[in-house]
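The exercises below are to be worked through with the sequence and the model side by side. Each task is followed by a solution that goes step by step.

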Amino acid sequence: MRPTHPSASFSLATQPWIDVVDDDGRPDIVSIQQALERAEHLHLAAADPLVWAATARLLTTIAYHARCGPRDQDAYVRQVRNGVDLQPALRWVREHETDLDLFHPRWPLFQDSTLREVADRPGAGLPVLYLDPAAAISRPLLVDHRPLQASVPVSARRAAGLLLVQQMWATGGKIRAKQRVYGRGAAFGRASAPTGGVVWHPAGTVAEQLTWRLIPVLGVLGHASFTHTPSAGTEEIPVGSELDALTWQPRRILLLPEADGTVPRVLLAQGWRMQHPDVTDSSITALPGNRDLVDAEDGQKFISHRLTSDHDQAPLLERWWRAPEGSWAHAVRHASAKTGRSPNVVAIGLAIRDHTVIVHQRRITLPAALLSDPRTARAALTTMHFRRRAHSVAPNRVSSPVTGTLLPPGFGADLVNNSQFLNAEPDEQVAQLFTAACSTAGAHRRRALLAAAVSHVLHDDDAEADPDASEEPPVTGRPAEEPGQLELFPSAPATELGTSGDQVAEEPAADDDFLFVTAARAPQPSAKTRRRVEISAAGEGDTSEAGFALEKQLGRWSIHPRTRYILPQLATWIVHPSPDTRAYRLVTNLVPDHLHHAALLTAGLYAVHQRTNSRAERYGGAPLARLMRAFGSPGSPLRGPADLPTRAAAHQLLHAPDLHALRPLLARAVSKAAVQELTPHWRELFNDLADWGPPVRQKWADQFYTPRPAHHLPATVSADLSQDCAAS
């Protein structure tokens with residue numbers, strides 16, 4: 001076993017390792033120093049949600065350690081209004097570059113340098129893949145790690161991410177560490193506090209994240225431990241302070257780099273053993289280091305298993321409005337009530353079974369509009385009570401407190417985003433939940449669903465509409481209306497929404513014949529459009545011309561056997577945006593710089609469409625918003641605006657402020673279109689994304705809410721459609 005190479009050095013302070021995107025959607029890889037210098041314009045963009053959360057926690061720790069946080073709640077409110085001063089953190093990073101060095105000979109970051117003494121002993125090292133939780137989904141990470149023989153050396157940048165993930169998300173179980181090498185108790189790993197639960201963190205730029213995340217700390221702030229220090233062996237030790245908990249190291253780790261800086265192997269053993277305090281009289285979120293944890297009703301850790309899909313917002317919204325004093329969510333609610341603003345929040349969870357088996361990872365976004373609207377407290381509470389009642393009527397084979405065999409994963413997520421559902425009384429909300437449940441359940445299950453709905457009774461302690469009535473009144477009323485919002489989202493009569501109990505007759509197919517115009521090859525532009533492109537100025541590149549090139553190239557990539565690998569990479573980009581793929585460069589080379597984000601999003605959606613249903617035609621003649629008029633729930637005759645889930649999905653799309661927020665919403669819409677073998681007009685979608693703003697949102701609202709035949713559409717679209725039909 002070779003020891004750590006003496007010349008290796010990789011300081012996270014100055015070396016690029018953090019995946020980010022700027023305000024224009026351009027990806028980059030930066031160091032901690034660069035992230036703090038450009039904090040107003042950079043967003044964290046790690047593809048792995050565990051790495052994203054661990055990176056955010058490291059930046060939070062550095063800012064706390066440099067004393068950037070507020071002293072009390074009033075100071076926190078001022079910080080939310082004016083922003084956080086990150087200059088102390090930037091100065092600390094510049095002055096302590098060696099403290100953040102992965103391969104420092106004496107104090108490597110979050111590692112134990114004393115392990116070098118055993119590096120040469122037989123059986124001491126393990127393949128670096130042993131640190132990667134994604135390599136052991138559905139089986140124990142620490143015991144049954146079968147793909148280890150495929151482990152290859154990783155870059156120092158990747159090793160940094162794996163190291164941070166291990167120290168934040170360490171799972172329990174038996175470690176492949178020999179006690180004769182590492183000492184007594186080294187082979188019995190303990191899980192860290194977030195593992196098995198959920199943490200939430202503000203989204204936005206790095207500056208916005210730290211502005212909201214740095215809350216006043218109740219108790220001792222202390223000092224961070226950026227390297228491993230000897231502990232009491234196998235004895236449990238208490239947490240000394242907030243920073244002590246944020247830098248808690250449940251693993252003794254030492255990366256073993258090569259001369260070129262890559263890391264093939266690692267030393268690993270059980271680290272510090274935290275003394276678990278009693279939380280029977282308080283919430284786990286009041287403990288040091290756990291402020292960003294989601295708590296359950298009994299004050300214990302919220303179990304990640306309760307999130308049944310990647311869009312399951314209802315359980316998190318329920319806990320948001322009930323977060324206890326001392327937690328991060330409670331501090332944010334208090335500041336939101338004072339300032340009238342809220343952050344977008346990202347919830348990340350790692351579900352485990354039997355304390356050792358990794359089941360799944362979750363990353364769920366909670367928009368600020370829901371977190372600042374007190375109506376969501378009642379809506380989420382009603383939804384979760386309905387889910388619990390359905391479970392009690394027909395429990396799942398695997399016991400779950402939130403869902404049973406009757407309801408699909410993530411049930412209610414669409415409704416809690418629907419304004420009509422939010423405005424309804426509890427009984428009306430139950431009726432809408434029942435209707436949505438019946439549309440997804442078979443006939444033999446509806447009797448049980450009816451029993452769940454009829455027996456739905458709110459507990460006395462849940463009857464208060466305002467969870468924080470004893471503190472201060474939250475922001476009342478609806479959020480501030482945007483200009484043109486009343487025209488953008490027209491209110492439909494009750495019969496259209498299906499709330500009266502009468503089913504709505506389908507509109508004549510002729511009114512929506514534009515939905516089903518598809519083509520196997522890229523539509524050609526009309527002569528008028530070609531002349532418009534030739535006349536247009538070529539200073540920054542014409543959007544229409546770029547759309548033609550992109551649309552044709554997507555078809556070529558999907559057909560040619562040598563380029564079919566591009567589409568899976570683009571589909572992956574939709575879920576985890578990253579510049580580290582060849583497909584990213586191929587797409588961005590087709591369009592000018594200012595159109596990169598729109599082109600990548602369009603190409604990724606094309607790939608998602610093909611991956612979801614390869615039988616669907618590659619090209620379509622309908623705008624996506626128009627196409628959504630054909631969407632509906634299984635088993636329901638309602639379509640488009642008359643279908644509540646579809647109307648809720650359109651509502652989210654039309655409220656999306658930018659392309660970052662649009663990405664997951666469009667992916668779901670395009671996937672649903674592919675399932676129904678419908679194809680959107682890719683060039684028009686690209687043009688709309690390039691110009692996303694109030695005019696485009698208004699156009700999409702008109703296309704979705706208004707039934708019109710094809711010849712009533714704008715002249716330019718009708719002309720292109722005629723050419724599309726001829727080409728097909």
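The protein chain holds 28 helices and 13 strands, in a model that is predicted. Of its 728 residues, 58% count as buried, and among contacts between residues at least 6 apart in sequence, 72% join residues at least 24 apart.

**Exercise 1. Describe the open sheet of three strands, giving its order and the strands that stand at its edges.**

Step 1. The order of this open sheet is 2-1-3, and the pairing is antiparallel.

Step 2. Strand 2 (27–30) and strand 3 (42–44) each have a single partner strand, so they stand at the edges, and one side of each is left without a neighbour in the sheet.

Step 3. Averaged over this sheet, and with direction ignored, neighbouring strands are turned by 45 degrees against each other.

Step 4. For the register of one pair, take strand 1 (residues 18–22) and strand 3, which are joined in the antiparallel sense by three bridges; here valine 20 stands opposite leucine 44 of strand 3.

**Exercise 2. Decide whether threonine 55 counts as buried or exposed, and find which residues it touches.**

Step 1. Locate the residue: threonine 55 belongs to helix 2, which spans residues 49–65.

Step 2. Apply the cut-off: a residue is buried when its relative accessible area is under 20%, and threonine 55, at 5% relative accessibility, therefore counts as buried.

Step 3. List the contacts: leaving aside residues up to four places away in sequence, threonine 55 touches Trp17, Ile18 and Leu44. Leu44 has already appeared in Exercise 1 as the residue of strand 3 that stands opposite valine 20.

**Exercise 3. Characterise the second largest cavity by its volume, its lining and the elements that contribute to that lining.**

Step 1. The count of cavities of 30 Å³ or more comes to five, and the second largest of them contains about 70 Å³ of space.

Step 2. Its lining consists of Trp52, Ala53, Ala56, Arg57, Thr60, Met168, Val199, Trp200, His201, Arg213, Leu246 and Asp292.

Step 3. Two elements, helix 2 and strand 7 (198–202), give two or more residues to this lining, and the largest share, five residues, comes from helix 2.

Step 4. Sorted by class, the lining of this cavity has seven nonpolar, two polar and three charged residues.

**Exercise 4. Work out the volume of the second largest pocket and say which elements supply residues to its lining.**

Step 1. The space in the second largest pocket is about 970 Å³.

Step 2. The lining of this pocket is made up of 41 residues, and those that lie nearest its centre are Ala191, Ser192, Ala193, Pro194 and Lys301.

Step 3. At least two lining residues are supplied by each of helix 2, helix 5 (156–169), helix 8 (242–246) and strand 10 (345–353). Helix 2 again gives the largest share, which in the pocket is four residues.

Step 4. By class, the lining of the pocket divides into 23 nonpolar, 13 polar and five charged residues.

**Exercise 5. Strand 10 contributes to the pocket of Exercise 4; establish how many of its residues are buried and which strands run antiparallel to it.**

Step 1. Strand 10 is mostly covered, with eight of its nine residues buried.

Step 2. Strand 7, which also contributes to the lining of the second largest cavity, is joined to strand 10 by five bridges and runs antiparallel to it. Within this pair, proline 202 stands opposite valine 345 of strand 10.

Step 3. Strand 11 (residues 357–366) likewise runs antiparallel to strand 10, through nine bridges, and leucine 350 stands opposite glutamine 361 in strand 11.

**Exercise 6. Repeat the analysis for strand 9 (residues 265–270): how many of its residues are buried, and how many bridges join it to strand 4 and to strand 8?**

Step 1. Five of the six residues of strand 9 are buried, and this strand is therefore described as mostly covered.

Step 2. Strand 4 (residues 125–127) pairs with strand 9 in the antiparallel sense over three bridges, and leucine 126 has valine 266 of strand 9 as its bridge partner.

Step 3. Strand 8 (residues 251–256) is joined to strand 9 by six bridges and also runs antiparallel to it, with alanine 269 in strand 9 as the bridge partner of arginine 252.

Methods:
Residues numbered from 1 in each chain as written. Predicted model: local features only at pLDDT ≥ 70, side-chain atom pairs only at ≥ 80, totals over all residues. Heavy atoms only, no water. Buried < 20%, exposed > 50% of the residue type's maximum accessible area, 1.4 Å probe, protein only. Pairing = 2+ DSSP bridges. Axes fitted to C-alpha atoms, helices over the stretch in contact; angles between N-to-C directions. Contact = heavy atoms within 4.5 Å. 1 Å grid on protein atoms, 1.4 Å probe; cavity = no way out; pocket = protein on both sides within 12 Å on 5 of 7 lines; lining within 4 Å. Points joined across faces, edges and corners; volume = space filled by probe spheres on them. Nonpolar A, V, L, I, M, F, W, Y, C, P; charged D, E, K, R; others polar.
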